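Let's take a walk through a few helices together and look at how they sit beside one another. Here is the structure to follow along with.

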Amino acid sequence: MLVTTATNLLGTAVNVATGLLVARLLGPTGRGELSAIMTIPTLLGALATLGLPEALVWAAAAEREKSGRLLSTCLVLTLAASLIFAALGWLLLPAALASQEPEVVRAARFYLLQVPVAAVMSVAPQTLRARGDFVVWNAVRTWFPLAWLLVLVGWSFPEHRSAAAVAMTFVAVRALLTPVALGISVLRLDRRDLRPDPRQVKRLLRFGIPNVLAVLPTMMNVRLDQVVMAAVLPARELGHYAVAVAWGTLSLPVLLAVGNVLLPRLAAEDDRARRRRMLIRAIRGGIVLSGVSGALLAASAPVAVPLLFGEAFASAVPAALILCLAGAVHSLNWVLREAARGLGRPGAVLRAELTGLAVTVVGLALLLPRFDIVGAALATVLGYATVFAALVNLVAHAAGISLSEAFALRASDVTMLVGSLREAVRLRGGARRS
């Protein structure tokens with residue numbers, strides 16, 4: 001988890017740097033256009049995975065000797081789905097981006113090329129995660145953010161400083177690096193039998209489809225606000241909100257590491273008592289980490305947002321303050337989702353996300369017309385809080401944990417968390433010296 005946390009923090013630092021560069025290059029209007037270009041194709045790319053990244057981790061963790069065949073089967077399924085979703089996006093984008101300029105719509109259609117690329121990039125490295133090869137898995141995950149940062153630093157768009165140019169370059173860089181990630185994943189397999197196995201299709205989809213159905217409300221909970229604003233608000237307002245979202249979600253990387261490690265560990269663990277202890281530690285540690293990081297982000301937002309992104313984004317601060325709370329809750333939800341999947345309950349995640357999505361929709365309908373981007377931020381908090389309540393009840397019931405055990409924080413929880421990190425550092429240092 002320490003390695004994954006460090007990678008997530010590095011990725012966040014790189015993403016912040018790229019976000020700052022893009023915001024300063026494009027300004028609020030251009031940043032809003034970029035959000036409009038990317039939002040719907042990104043959502044379609046997530047749906048095109050059919051939930052198979054999580055299904056691959058779950059299946060390959062239990063049957064490592066079949067990892068190659070499971071990987072190729074997942075790739076065939078998700079590539080076929082990506083073509084369908086890209087075609088759907090081509091038809092829907094003009095209506096979905098009705099308030100944007102024609103150039104933005106054309107760029108969004110071009111950006112649909114990232115749907116199959118994102119699908120392969122999401123599936124390919126998951127065999128590394130399933131086999132516990134977290135060092136290599138994390139190394140693969142860092143390549144694209146670092147490469148994208150280098151491209152932005154080296155090419156400052158002197159003649160074509162537009163959202164469309166940024167989006168097109170993003171697709172090109174990702175497409176170049178995806179085959180490399182796939183090749184490394186294949187080389188690390190125990191057995192390189194890569195024939196797709198039709199007998200695994202039903203099993204993988206049975207786990208994956210509830211996941212992808214849960215991804216839709218999850219992604220909509222995360223992106224519905226921006227989708228709606230792209231259709232009804234000017235690009236400048238969307239640009240302010242995109243910066244507020246970027247700041248509010250900076251607390252996510254640490255909790256992502258907890259979830260990334262938790263899913264395969266729970267899937268491979270047969271002892272109920274050990275799974276129960278593992279979950280209690282993950283939930284309590286997640287509360288401490290998300291609470292501290294969210295509070296720090298909120299306290300620094302009034303100064304940091306205009307200082308880092310530019311004075312033109314000062315209007316984003318009120319929404320950013322609210323989204324710091326939303327980001328902390330969203331981080332905890334990630335841990336709980338991965339816990340539920342590790343316990344073999346992907347369908348329950350879907351029910352929780354649908355409930356949260358309903359609250360988000362109602363919140364946006366009531367609050368966005370009256371309070372603009374602040375209303376969208378409030379609706380997001382309400383949706384995330386609803387998902388959290390549903391997921392924590394699900395995980396506690398499935399693992400036999402009382403709510404008091406999950407949430408009754410003690411000083412020993414903080415001490416345990418700090419001690420675990422120190423021990424991990426000590427053991428890793430000893431391993432390197434050996």
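To talk about how two helices cross, we fit a line, called an axis, to the C-alpha atoms of each helix over the stretch in contact, and the angle between their N-to-C directions runs from 0 to 180 degrees. Keep in mind that this is a predicted model.

Start with helix H3 (residues 67-96) and H4, whose axes come within 10 Å and cross at roughly 160 degrees. Angles over 145 degrees count as roughly antiparallel, and H3 and H4 are therefore roughly antiparallel to each other. Their crossing is right-handed. On the H3 side, Trp-90, Leu-93 and Pro-94 make the contact, and they meet Val-105, Ala-108 and Arg-109 of H4. Sorted by class, this contact has five nonpolar residues, no polar ones and one charged.

Now stay with helix H4 (residues 102-111) and turn to helix H8 (residues 163-187): these axes also come within 10 Å, but cross at roughly 5 degrees. That makes H4 roughly parallel to H8. Here H4 contributes Glu-103, Ala-107, Phe-110 and Tyr-111, while H8 brings Ala-164, Ala-167, Met-168, Phe-170 and Val-171. Eight residues of this contact are nonpolar, none is polar and one is charged.

Our last stop is helix H12 (residues 272-309). A straight helix of 38 residues would span 56 Å, yet H12 spans only 48 Å between its end C-alpha atoms. Where does H12 bend? Look at Ala-301, where H12 turns by about 70 degrees, with a proline, Pro-302, following within four residues. Just after H12 comes Gly-310, which takes a positive phi of about 115 degrees.

Conventions:
Residues are numbered from 1 along each chain as its sequence is written. This is a predicted model: local features need pLDDT of at least 70, side-chain atom pairs count only at pLDDT 80 or more; totals for chains, interfaces and linings use all residues. Side-chain values use heavy atoms; hydrogens and water are left out. Helices (H or I, at least four residues) and strands (E, at least two) are DSSP runs, numbered from the N terminus. Angles under 35 degrees count as roughly parallel, over 145 as roughly antiparallel, 65 to 115 as roughly perpendicular and the rest as oblique. Contact means heavy atoms within 4.5 Å. Ala, Val, Leu, Ile, Met, Phe, Trp, Tyr, Cys and Pro count as nonpolar, Asp, Glu, Lys and Arg as charged, and the others, Gly among them, as polar. The expected span of a helix is 1.5 Å times one less than its number of residues. The bend at a residue is the angle between axes fitted to the seven residues ending there and the seven starting there. A crossing is left-handed if the near helix is turned anticlockwise from the far one by less than a right angle, and right-handed if clockwise.
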